[in-house]
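Subject: Structure for your review

Dear colleague,

Please find the structure below, handed over for your own work. A summary of what was found in it follows.

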Amino acid sequence: MVLAGESGLLKKVEHVTVMEVPDIKRWLKGNDFLITSFYSVRKSEEAQCRLIEEPADICSCIAVKTGQYVDNSSAF
């Protein structure tokens, strides 16, 4: 399911990165597919939003696994 960024569906993915630290941007290489459960920012909705917004210029796409650390109904 695409929740946002439909215009970026044709972006090239060169790297797959699993995010488990809140300062992930410095670890990205460019054109990353970022996968996260939000574990490291599970207690802060503000930090979760920052994690989506900050790497947007370098990531091709971001996937968030909902359920255990992020409630499916309140995440988006």
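A nonpolar patch of about 330 Å² lies on the surface of this predicted model. Val 13, Val 16, Val 18 and Ile 35 make up the patch. Val 18 is placed in strand S1, which spans residues 15–19. Its relative accessibility is 58%, so Val 18 counts as exposed, the threshold for that class being over 50%. Val 13, by contrast, belongs to the segment before S1. With a relative accessible area of 42%, Val 13 is partly exposed. Val 13 also takes part in a contact across the sequence: its C-alpha is 6.0 Å from that of Ser 60, although 47 residues separate the two in sequence.

As to the overall architecture, the chain contains 1 helix and 3 strands. Read from the N terminus, these elements follow the order β-β-α-β. The chain has 76 residues, of which 26% are buried.

The charged side chains come next. How many salt bridges does a search of the whole structure find? The search returns 4, and three pairs are described here.

One of these joins Lys 12 and Glu 14, whose closest N and O atoms are 3.1 Å apart. Lys 12 is exposed, at a relative accessible area of 55%, while Glu 14 is partly exposed at 43%.

Another salt bridge links Lys 25 to Asp 57, with 3.0 Å between the closest N and O atoms. Lys 25 is in the loop between S1 and strand S2 (32–36), and Asp 57 is in the loop between helix H1 (45–53) and strand S3 (59–64); the pair therefore ties together parts that lie 32 residues apart in sequence. Lys 25 has a relative accessibility of 36% and counts as partly exposed. Asp 57, at 62%, counts as exposed.

A further salt bridge is formed by Arg 50 and Glu 46, and here the closest N and O atoms are 3.0 Å apart. Both residues belong to helix H1, where their spacing of 4 residues corresponds to about one turn of the helix. Arg 50 is partly exposed, with a relative accessible area of 37%, whereas Glu 46 is exposed at 58%.

Helix H1 also merits a description of its two faces. Which residues of H1 are buried? They are Ala 47, Gln 48 and Leu 51. These residues cover an arc of only 105 degrees around the axis, and therefore they lie on the same side of H1. The face turned away from that buried side carries the exposed residues Glu 45, Glu 46 and Glu 53. Glu 46 thus appears both on this exposed face and in the salt bridge with Arg 50.

Finally, the aromatic rings were examined. A search of the whole structure for aromatic pairs gives 0. A ring does, however, feature in a contact with a charge: the charged end of Arg 42 sits over the ring of Tyr 39, at 4.0 Å from the ring centre.

Yours sincerely

Methods:
Residues are numbered from 1 along each chain as its sequence is written. This is a predicted model: local features need pLDDT of at least 70, side-chain atom pairs count only at pLDDT 80 or more; totals for chains, interfaces and linings use all residues. Side-chain values use heavy atoms; hydrogens and water are left out. Rings of Phe, Tyr and Trp (its six-membered ring) pair if their centres lie within 6.5 Å; planes under 30 degrees apart count as stacked, over 60 as edge-to-face and the rest as tilted. A charge sits over a ring if NZ of Lys or CZ of Arg is within 6 Å of the ring centre and within 35 degrees of the ring normal. Patches are made of residues with over 30% relative accessible area and no salt bridge: like charges are joined within 9 Å, nonpolar side chains (Val, Leu, Ile, Met, Phe, Trp, Tyr) within 5 Å. Accessible areas come from the Shrake-Rupley method with a 1.4 Å probe; for residues, only the protein chains shown count as cover. Buried means under 20% relative accessible area, exposed over 50%, partly exposed in between (1.4 Å probe, protein chains only). The arc is that of the directions from the helix axis to the C-beta atoms.
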